[in-house]
Amino acid sequence: MRYSELFCPTLREIPSEAEIISHQLLLRAGFIRKATAGVYTYMPLANRVLRKIMNIIREEMDRAGAQELLMPIVQPREIWEESGRWAVYGDEMFRLKDRHNREFALGPTHEELITSLVNADVHSYRDLPLMLYQIQNKYRDEIRPRFGLMRGREFIMKDLYSFDADYEGLDISYNKMYEAYRRVFERLNLKYRVVEADSGAIGGNESHEFVVLADTGESEIVYCDNCDYAANVEKAACVVEKQDISEPMRDIEKVATPGQKTIEEVSAFLGISKDKHVKTLMYEADGEIIAVVIRGDRELNEAKLKNFLNCAQLFMAEENKVRKLCGATFGSLGPVGLECKVYVDLEVANMRNFVCGANEDDFHLVNVNLGRDFVPEAVADLRNAVKGDKCPICGNSLDVLRGIEVGHIFKLGTKYSEAMNATFLDQNGKEKPFIMGCYGIGVSRTMAAAVEQNHDEDGIIWPIPIAPYHVIIVPVNMKNDKLRTAAEDIYNTLIEAGIETILDDRDERAGVKFKDADLIGIPVRITIGPKSLQENRVEIKKRWEKESELVELTGVLEKVREILKG
Ligand code: 9G3
């Protein structure tokens with residue numbers, strides 16, 4: 001490819017709407033262009049990267065015994081009604097109508113479609129197991145599309161669906177996929193962790209996430225360096241260290257705390273350490289006001305609360321409703337004497353003589369004890385895990401990492417096959433629902449994640465397996481015949497050897513060419529300058545190293561092959 005013909009408009013400035021580095025660099029390096037919020041054009045260089053990511057995924061899915069098909073994006077409403085999900089997904093689902101006023105969805109995922117497809121043509125256990133996948137655009141009308149390809153409204157996903165006759169079969173399919181995913185992310189040279197997406201540290205896990213480590217990632221995971229435990233913070237189980245409940249209960253006391261609102265203020269005012277304070281949060285769960293009590297320095301995990309209450313709607317109660325119910329407002333709330341149900345975090349159930357609001361402005365209670373001073377509706381693990389918590393497996397202290405979820409695999413069981421009455425006949429001729437699994441990789445998101453993990457201040461550093469081109473040849477001056485001829489010769493030699501090469505034949509200053517080569521992230525740069533050429537040598541530089549080396553013209557192809565094999 002000659003750079004003068006390449007459609008790759010690079011930018012000097014950082015576009016203002018780009019908040020994270022991958023969004024900034026993909027825009028500046030001419031890899032993506034926004035069509036509308038959350039919808040992008042993949043420019044030629046991005047398209048080459050995506051093709052390579054897709055091919056690595058295809059090779060591993062095919063190796064695991066799956067077959068690739070391509071399902072429609074336009075999906076009839078009927079199949080979503082059959083699964084009962086047409087009403088579940090509101091504005092997030094892109095919907096459209098045809099000329100006959102029939103309704104359709106733009107596919108956000110394909111469980112419904114693939115289940116109805118397989119149900120129509122698979123009737124016997126002898127046809128199982130079956131693994132079908134596609135690499136296709138998906139549509140989800142995110143409220144706030146942001147971070148470029150990271151959270152788009154149109155994105156490319158590989159989604160695979162497995163169909164088995166029984167749960168043993170599902171476990172086999174699931175494990176094959178688990179291993180295939182590890183091979184994919186290793187081949188992409190991505191640093192990632194597999195995260196149990198369920199809280200249970202023990203027992204069968206219904207799903208796993210593959211999280212690429214990146215400080216700007218939206219996923220927060222806790223992990224243990226000692227064993228391989230890792231879990232999404234919103235699902236990570238918190239184990240309670242044995243609190244010192246040997247401390248005798250002291251008499252409860254109401255104390256004036258004029259103007260003291262926050263835990264810091266009250267703790268300083270009373271001279272009682274912050275970890276002896278609890279905070280009381282008021283929520284509305286399916287219309288009922290409830291109180292939740294956690295230690296003052298902890299954060300409530302709303303996902304855990306919602307799961308525990310098994311409620312559909314959960315949000316913080318409004319201040320006026322709280323004042324009416326509790327007689328006080330935030331900062332003076334406590335669990336003692338409340339009419340509503342009180343849910344207490346595990347950790348608080350092990351605390352003695354703690355401090356809480358008195359449900360009266362400017363008053364707090366000290367020496368409060370659960371059971372004596374108030375009886376909770378329930379005690380449960382409701383807080384966010386934090387750095388330093390104990391690993392539920394080995395007791396080692398946990399660390400926290402941020403990451404980007406690029407893969408997610410699920411054991412679906414009969415969730416869709418029962419809802420849609422998708423069955424096969426088992427060896428006894430009995431009708432049985434398919435046992436399913438589904439397995440996704442965010443392909444366009446993976447490209448962005450690769451940039452998050454592989455860049456420096458000069459631009460992108462593409463991992464060789466997915467680089468848009470392998471080599472860029474930069475003659476420092478195309479007007480100089482000797483330099484141009486040498487560049488053309490090297491270019492032809494590399495192309496004939498199957499090395500994907502760009503020849504920067506632009507009539508530009510060398511500095512501009514170097515900046516562009518670094519920005520677009522080509523792994524190997526060959527510079528042809530007059531001095532070294534006099535000694536029949538050229539300069540070869542790896543994008544991920546600072547220094548370069550001089551190589552004999554006759555040794556260029558061998559050197560390039562050696563670097564690319566590395
Ligand atoms: C919808 C809309 C958004 C959605 C879904 C359905 C997420 C939906 C979950 C999945 C699960 C797996 C197969 C590949 C891997 C992920 N957002 N999910 O089902 F209608 Cl609008 O997609 N699907």
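**Pockets, ligand and odd backbone spots**

Me: How much space lies in the second largest pocket?
Reply: Quick ground rules: this is a predicted model, local features need pLDDT of at least 70, side-chain atom pairs count only at pLDDT 80 or more, and totals for chains, interfaces and linings use all residues. Numbering starts from 1 along each chain as its sequence is written, and side-chain values use heavy atoms, with hydrogens and water left out. A pocket is an open set of points on a 1 Å grid over the protein atoms alone, with protein on both sides within 12 Å along at least five of seven lines; points are joined across faces, edges and corners, and the volume is the space filled by probe spheres set on them. For the second largest pocket that comes to about 280 Å³.

Me: Which element gives the most to the lining of the second largest pocket?
Reply: Lining residues have an atom within 4 Å of a grid point, and this pocket has 19 of them, with Lys279, Thr280, Phe330, Gly331 and Ser332 nearest its centre. Elements here are DSSP runs numbered from the N terminus: helices are H or I with at least four residues, strands are E with at least two. At least two lining residues each come from α6 (263-270), β14 and β18. The top contributor, with five residues, is β14.

Me: By class, how many charged residues does the lining of the second largest pocket have?
Reply: Ala, Val, Leu, Ile, Met, Phe, Trp, Tyr, Cys and Pro count as nonpolar, Asp, Glu, Lys and Arg as charged, and the others, Gly among them, as polar. Sorted that way, the lining has 10 nonpolar and seven polar residues, and the charged ones number two.

Me: What lies 2.8 Å from a polar side-chain atom of Arg85?
Reply: Arg85, Pro108, Thr109, Glu111 and Arg140 come nearest among the 15 residues around the ligand, where near means a heavy atom within 4 Å. A polar contact is a pair of N or O atoms within 3.5 Å; within protein, one must be able to donate a hydrogen and the other to accept it, and sequence neighbours count only if both atoms are side-chain atoms. Thr109 puts a polar side-chain atom 2.9 Å from a ligand nitrogen, and a side-chain N or O of Arg140 is 2.9 Å from a ligand oxygen. For Arg85, the partner at 2.8 Å is a ligand oxygen atom.

Me: How much of the area that the ligand exposes when taken alone does the protein bury?
Reply: Accessible areas come from the Shrake-Rupley method with a 1.4 Å probe; for residues, only the protein chains shown count as cover. Taken alone, the ligand exposes 510 Å², and the protein's share of burial is 87%.

Me: Which element supplies the largest share of the shell around the ligand?
Reply: β8 (154-164) and β24 (435-442) are the elements that give two or more residues. The shell divides into eight nonpolar, two polar and five charged residues. The largest share, three residues, comes from β8.

Me: Is Asn353, with its positive phi, buried or exposed?
Reply: Most residues other than glycine have a negative phi. Asn353 goes the other way, with phi near 50°, in the loop between α9 (346-349) and β18 (354-357). Buried means under 20% relative accessible area, exposed over 50%, partly exposed in between (1.4 Å probe, protein chains only). At 3%, Asn353 is buried.

Me: What is the relative accessible area of Asp286?
Reply: Asp286 also has a positive phi, about 50°, without being a glycine. Asp286 sits in the loop between β14 (278-285) and β15 (288-295). Asp286 counts as partly exposed, at 46%.

Me: Which residues does the cis peptide bond with omega of about 0° join?
Reply: Most peptide bonds are trans. Here Pro129 lies in the loop between α4 (111-121) and β7 (130-139). The cis bond joins Leu128 and Pro129.

Me: What is the volume of the largest cavity?
Reply: A cavity is a set of grid points where a 1.4 Å probe fits but cannot get out, and the count is one cavity of 30 Å³ or more. The lining consists of Ile472, Ala517, Asp518, Ile522, Arg525, Lys541, Lys542 and Arg543. By class, that lining is three nonpolar, no polar and five charged. The volume is about 40 Å³.
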